[in-house]
Amino acid sequence: MEWTAPLLADPSLLFGAALLVMLAAILCAIVVSRKLLTSVALTGLFTLVAALWYIAMDAPDVAFTEAVVGGGVSTLILLGSILLTRESAEPVSPSRMVFPAIAVILAGVAILYAVGSIPGFGDPASPANASVGRDYLERTYKEVGIPNVVSAVLASYRGFDTLGETTVVFAAAVGVMLLLGFGERALGDPARRHEALNPDLVEEIDHHVVLRVATKIMIPLMFLFGLYVLFHGEVGAGGGFQAGVILAIALIVHALVFGLSETMRAFPAAAMRAGASAGVLIYAGVGVINMLNGGAFLDYDFLFPPPLEQALSGPDGHAGQHYGIIAIEIGVTATVASGITAIFYGFAGRAPDIASRGASRGPESGGGS
Amino acid sequence: MLEQAASIAAFVGQGLVLAGAIVTIIGSVGVLRFPDFYTRIHAASVTDTLGAGLIIVGLVLLGGGFFVTVKLLIIWGLILITGPTASHALANAAFTSHVKPLGRGDLRQPSASDEG
């Protein structure tokens, strides 16, 4: 942030400042609110405003990720976890706030101190723009041959990092499954099947007709959009992570409206576990294929044996890079979509257990979608 | 002739975006000021459908290429499906958990029970 520039002279600066003030206000509301449901709703709002801000900063890929992950899936998973706990936070006594307050204030002072040495937005002399960033911008189209530099950096130049991130998602899914189970318990008792997430389904009057019809329209479109984001990631904003999250959200919406057991019948938890592992396997397998063809790990120029690469690419193509990036994006999508769905199954599968213990907070009834 | 049509379209587009912004503000004021849950949903859904719809139609008239127009229209269609559905889901959830709408004469008393 350039403090010397007058704020009113530049409308985009003013816009960014307004968004930051909104973020600060939402944060205060989250901290003050004792109702967890309100906090979760505000968290979703926070991420959407943050995504808007990233758009204003010309970072559509980051904004997209923020919108689908923060606004979509983490809000849904937080809602699911509220189902397993209480509705409101207990008040904390002031004496227990002292040390956290000191820590937060110290961290804040440190960050404020560091603000002075952050280069201005878009400053061409800043290290990120002068050396690495310019290098990527100059080399990407020659070496990788795709227009979206962000995708090229993520999937090709920093392919190893992205493999690590995919593995982190996989590990998170495994951790949740180890802690909470696979969610298949929800299928165990046929009498409770429909009540798992949808107590109203067993009532006489069907309150969910409108929701079901609208969801039936929306879910195919969500799947289609997920696939579009996956295969369009080379050209526009998006890629494997966003696509996987969108597919997972489509499944979670299905579970919220039609009941968990219906979704688990269409997309079994075992398939989700297999998908999450298969994604990492596809990703790392592409790297191994490159090694077998004589290249380095994840060097997609060696995805095909050199003569075939020559034949496929023609004079200025990068067939190996194109197919390699699509292949690993498919792997990322498989891991993220199945991993998040498995995490959701783990949370949602616990709901009937808790309901049968009588500790439930009452019906969740459609309002969550 | 074509230029005139374009400038008229731009003028109407600006007017529609402005109208959408005003409707959105009216809706926000309504959410804050209306007395009970159901009337507030009504105000919020005005923001959803009419406000967003006016802005999107205005943006279509303001121009952009063919693909931008198609994308905006698709977004409008999605909002027309999801907005009313969300409002209905909210009202439905409130009704099934026995939130009573205000009746005649209820406005005299301060209502503390309608937390969103």
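**Notebook: a predicted two-chain model**

I began with helix H5 of chain A, which bends by about 45° at A:Gly133. Before going further I note that this is a predicted model, and I read every value below with that in mind.

I then looked up the length of this helix, H5, which covers residues 127-143 of chain A. At 1.5 Å a residue its 17 residues should span 24 Å, and since the end C-alpha atoms lie 22 Å apart, the two values agree. Just after H5(A) I found A:Gly145, which takes a positive phi of about 80°.

**Chain A as a whole**

I next asked myself how many helices and strands chain A has. I counted 14 helices and zero strands, and reading along the sequence I wrote the pattern down as α-α-α-α-α-α-α-α-α-α-α-α-α-α. Chain A holds 369 residues, of which 39% count as buried. When I took the contacts between residues at least 6 apart in the sequence of chain A, I found that 69% of them join residues at least 24 apart. The chain exposes about 19,500 Å², and 71% of this area is supplied by carbon and sulfur atoms.

**A nonpolar patch**

On the surface I looked up a nonpolar patch of about 490 Å², made by A:Val209, A:Val210, A:Val213, A:Ile217, A:Leu221 and A:Leu224. I chose A:Val213 from this group for a further look, and I placed it in helix H8, residues 209-232 of chain A. Its relative accessibility is 48%, and because exposed means over 50% and buried means under 20%, A:Val213 counts as partly exposed.

**Three single residues in chain A**

My first stop was A:Ala18, which lies in helix H1, residues 11-32 of chain A. With a relative accessibility of 40%, A:Ala18 counts as partly exposed. I also looked up its separation from A:Trp53: the two residues are 35 apart in sequence, while their C-alpha atoms are 9.5 Å apart in space.

I went on to A:Thr162, found in helix H7, residues 159-180 of chain A. Is A:Thr162 buried or exposed? Its relative accessible area is 5%, so I entered A:Thr162 as buried. Which residues, leaving aside neighbours within four places in sequence, is A:Thr162 in contact with? I listed A:Leu154, A:Ala155, A:Phe241, A:Tyr283 and A:Val332 as its contacts.

The last of these entries is A:Gly331, which I located in helix H13, residues 319-348 of chain A. A:Gly331 has a relative accessible area of 0% and is therefore buried. Setting aside its neighbours within four places in sequence, I found A:Gly331 in contact with A:Gly279 and A:Ile282. I also noted A:Val286, which stands 45 residues from A:Gly331 in sequence and 9.5 Å from it in space, C-alpha to C-alpha.

**Chain B**

I closed with chain B, where I found three helices and zero strands, which gives the pattern α-α-α when read along the sequence. Of its 116 residues, 22% are buried. Among the contacts in chain B between residues at least 6 apart in sequence, 70% join residues at least 24 apart. Chain B exposes about 7,800 Å², with carbon and sulfur atoms supplying 72% of that area.

How values were computed: Residues numbered from 1 in each chain as written. Chains lettered and ligands numbered in written order. Predicted model: local features only at pLDDT ≥ 70, side-chain atom pairs only at ≥ 80, totals over all residues. Heavy atoms only, no water. Helix = DSSP H or I, 4+ residues; strand = E, 2+ residues; numbered from the N terminus. Expected span 1.5 Å × (residues − 1). Bend = angle between axes of the 7 residues up to and from the residue. Patch = residues over 30% accessible without salt bridge, like charges linked within 9 Å, V, L, I, M, F, W, Y side chains within 5 Å. Areas by Shrake-Rupley, 256 points an atom, 1.4 Å probe, with all protein chains shown as cover. Salt bridge = Lys/Arg side-chain N within 4 Å of Asp/Glu carboxyl O. Buried < 20%, exposed > 50% of the residue type's maximum accessible area, 1.4 Å probe, protein only. Contact = heavy atoms within 4.5 Å.
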